[in-house]
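Trainee: I'm new to this one, and I'd like a close look at a single part of it. Could you take me through the aromatic residues and what surrounds them?

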Amino acid sequence: MTSLRCVALVLLVSWFGWKPAACRAAEERAADWCAAMDLYQDGRYSEARAVLRRLEVSTPDVEIDFHLGRLALWFDDQGEALARLERALAASPREARLHNAWGDACGLAAQQAALWQKPGWARRCLRSEEHTSELQSLA
């Protein structure tokens, strides 16, 4: 009986293009990811941001946080950039590009901070860039 079900499933897939919902969802997610990266590379940042936010709803991910953090930097949204890049760093602390982006976010925070807060943000920025260099030298 089990082999008969497998044959029926193979026939459905091959003849009618039927796929389980999980496969269709994974294909749609992959297509959305590719579309978001194409938009990002083409400099269409608002559109890329919208697609990435749609993807984030279904499955939060380090890559999505990284790219949304970079886009937040592009739009000078310090709070979102810091939050997203900090979350990405917590999930993957050994990636140099995440530390580099975090350093950029700290630099933006230093630019926008009150005068008495600037040195603290500048120190974070410097530490992040030093950590980036260390990680890159290990790779």
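Mentor: Let's begin with Tyr 45, which counts as partly exposed because its relative accessibility is 21%, and the cut-off for buried is under 20%. Keep in mind that this is a predicted model. Now look from Tyr 45 across to Tyr 40: their ring centres are 5.7 Å apart. The planes of those two rings meet at 65°, so the pair is edge-to-face; the cut-off for that label is over 60 degrees. The structure holds two aromatic pairs. Trp 74 joins in as well, forming one aromatic cluster together with Tyr 40 and Tyr 45.

From Tyr 40 you can step over to His 67, since the two are in contact. His 67 sits in helix α4, which covers residues 62-74. Is His 67 buried or exposed? His 67 is buried, because its relative accessible area is 8% and anything under 20% falls in that class. Setting aside neighbours within four places in sequence, His 67 touches Trp 33, Met 37 and Leu 52 along with Tyr 40. There's a polar partner too: a polar atom of the His 67 side chain lies 2.9 Å from the backbone oxygen of Glu 63.

Two other aromatic rings have a charge for company. Over the ring of Phe 66 sits the charged end of Arg 97, 4.4 Å from the ring centre. Trp 121 has a similar arrangement, with the charged end of Arg 124 sitting over its ring, 4.3 Å from the centre.

For a bit of contrast, try Ala 30, in helix α2, which runs over residues 21-41. Ala 30 counts as partly exposed, because its relative accessibility is 42% and the exposed class needs over 50%. Ala 30 and Leu 55 are 25 residues apart along the chain, and their C-alpha atoms are separated by 9.6 Å.

Now zoom out to see where all this belongs. The chain has seven helices and zero strands, so reading along the sequence you just get α-α-α-α-α-α-α. Of its 139 residues, 32% are buried, and His 67 is one of the buried ones. Take the contacts between residues at least 6 apart in sequence: 49% of those join residues at least 24 apart. As for the outside, the chain exposes about 8800 Å², with carbon and sulfur atoms supplying 59% of that.

Technical notes
Residues are numbered from 1 along each chain as its sequence is written. This is a predicted model: local features need pLDDT of at least 70, side-chain atom pairs count only at pLDDT 80 or more; totals for chains, interfaces and linings use all residues. Side-chain values use heavy atoms; hydrogens and water are left out. Helices (H or I, at least four residues) and strands (E, at least two) are DSSP runs, numbered from the N terminus. Buried means under 20% relative accessible area, exposed over 50%, partly exposed in between (1.4 Å probe, protein chains only). Contact means heavy atoms within 4.5 Å. Accessible areas come from the Shrake-Rupley method with a 1.4 Å probe; for residues, only the protein chains shown count as cover. Rings of Phe, Tyr and Trp (its six-membered ring) pair if their centres lie within 6.5 Å; planes under 30 degrees apart count as stacked, over 60 as edge-to-face and the rest as tilted. A charge sits over a ring if NZ of Lys or CZ of Arg is within 6 Å of the ring centre and within 35 degrees of the ring normal. A polar contact is a pair of N or O atoms within 3.5 Å; within protein, one must be able to donate a hydrogen and the other to accept it, and residues adjacent in sequence count only if both atoms are side-chain atoms.
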